[in-house]
Amino acid sequence: MKALITGASSGIGRDIARELSKRGYDLIISARREDRLLALREEIKTDVRIITADLSGREECMRLYEEARGEDIDILVNNAGYGVFGAFDETELAQEISMLDVNIFSVHILTKLFLKDFIKKNSGYILNVASSAGFMPGPLFASYYASKAYVLRLTQGIREELKKAGRSVYIGALCPGPVNTEFNDTAGVQFGMHGLSPEYVAEYTVKKMFSGKTVIVPGAVMKVTRFFAKLLPDSVVAKMAYGIQKGKQGK
Ligand SMILES: NC(=O)c1ccc[n+]([C@@H]2O[C@H](COP(=O)([O-])OP(=O)(O)OC[C@H]3O[C@@H](n4cnc5c(N)ncnc54)[C@H](OP(=O)(O)O)[C@@H]3O)[C@@H](O)[C@H]2O)c1
């Protein structure tokens, strides 16, 4: 049993790696920071292979697939991602495009390549880490929110195709609200609300993935938020989201 986890050097990805190892999975862990991956390998009891990759490059995504494909992967966790915060007319284009490459295109590429292999053997799990940001418009974090909507909708669409084709392949999206990781430091913001621990999110997520849940939302607060985001008009949700994001500035 083997799992490939991207963005395993920190936060949610690192704890999903720990959780899957506890369940007996050997791991392939990927990220840019090799020292972090080596430290994770030291503490893990099952077999761990490290493949460093910068997933903002499409050829790096292809290389990761080529290096991992021969290993009979059972689970792919597309977790690598980050946010670029700020008003859309002020954020840097190059920085945002790089984010979109990681958040959208690496997920798209790896999902497609591994899905084909999983369909051939009629088994496998793909967990795409989206966000509760994918449920709504995100002023002041607009392209990050939109990137997560892409991941969520892509995943839901594929899920239905798999169901209709009667495949025994799982695909699902993890949609957490705030989680206490390095996400905020990278984005240069602080949460206005209490974040969940990555350990809790990982444990909950892996349990839900194995139970076949398509959209995984850890924590009661985000479940309620999702419920209201569905009921209220987008214009109202956008206003509320603006208020929340505005509160993060300057902290
Ligand atoms: N924390 C939250 O509140 C929250 C909420 C909802 C969704 N999420 C999502 O959860 C996922 C994990 O984030 P996190 O909260 O755990 O943040 P984190 O602690 O900052 O971890 C992000 C991971 O992504 C990797 N990564 C970033 N850019 C990369 C690149 N160009 N190539 C390869 N790997 C890259 C990082 O590894 P290296 O830097 O070593 O490459 C790191 O392992 C992201 O997709 C994020 O959008 C987070």
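Before I start, a cut-off I'll need: a residue is buried under 20% relative accessible area, exposed over 50%, and partly exposed in between. I also note that this is a predicted model.

**Entry 1: charged pairs**

I looked up the salt bridges and found that the structure holds 17 of them. Side chains of opposite charge can pair when their charged atoms come close.

I started with R18 and E43, whose side chains meet in a salt bridge at 2.7 Å, N to O. R18 sits in helix α1 (residues 11–22) and E43 in helix α2 (residues 34–43), so this pair ties together parts 25 residues apart in sequence. I checked the cover on each partner. R18 has a relative accessible area of 24%, so I put it down as partly exposed. E43 comes out at 38%, which is partly exposed too.

**Entry 2: R58 and D101**

Next I went to R58, which forms a salt bridge with D101; their closest N and O atoms are 3.1 Å apart. R58 belongs to helix α3 (residues 58–68) and D101 to helix α4 (residues 93–121), so the bridge links parts that are 43 residues apart in sequence. Are these two buried or exposed? R58 is partly exposed at 42% relative accessibility, whereas D101 is buried, with a relative accessible area of 14%.

**Entry 3: K121 and D74**

Then I tried K121, which forms a salt bridge with D74, with 4.0 Å between the closest N and O atoms. K121 lies in helix α4, while D74 is in the loop between α3 and β4 (75–78), so the pair connects parts 47 residues apart in sequence. For accessibility I noted 32% for K121, partly exposed, and 21% for D74, also partly exposed.

I wrote down a network as well: salt bridges that share partners join K2, R49, E60, R63, E67 and E71 into one.

**Entry 4: a nonpolar patch**

I turned to the surface and asked which residues make up the nonpolar patch. They are V224, F227, F228, L231, L232, V236 and M240, and the patch covers about 630 Å². Two elements, α8 (220–231) and α9 (234–246), give two or more residues to it. The biggest contributor is α8, with 4 residues.

I singled out L232, which I found in the loop between α8 and α9. Its relative accessible area is 31%, so L232 goes into my notes as partly exposed.

Key:
Residues are numbered from 1 along each chain as its sequence is written. This is a predicted model: local features need pLDDT of at least 70, side-chain atom pairs count only at pLDDT 80 or more; totals for chains, interfaces and linings use all residues. Side-chain values use heavy atoms; hydrogens and water are left out. Buried means under 20% relative accessible area, exposed over 50%, partly exposed in between (1.4 Å probe, protein chains only). Patches are made of residues with over 30% relative accessible area and no salt bridge: like charges are joined within 9 Å, nonpolar side chains (Val, Leu, Ile, Met, Phe, Trp, Tyr) within 5 Å. Accessible areas come from the Shrake-Rupley method with a 1.4 Å probe; for residues, only the protein chains shown count as cover.
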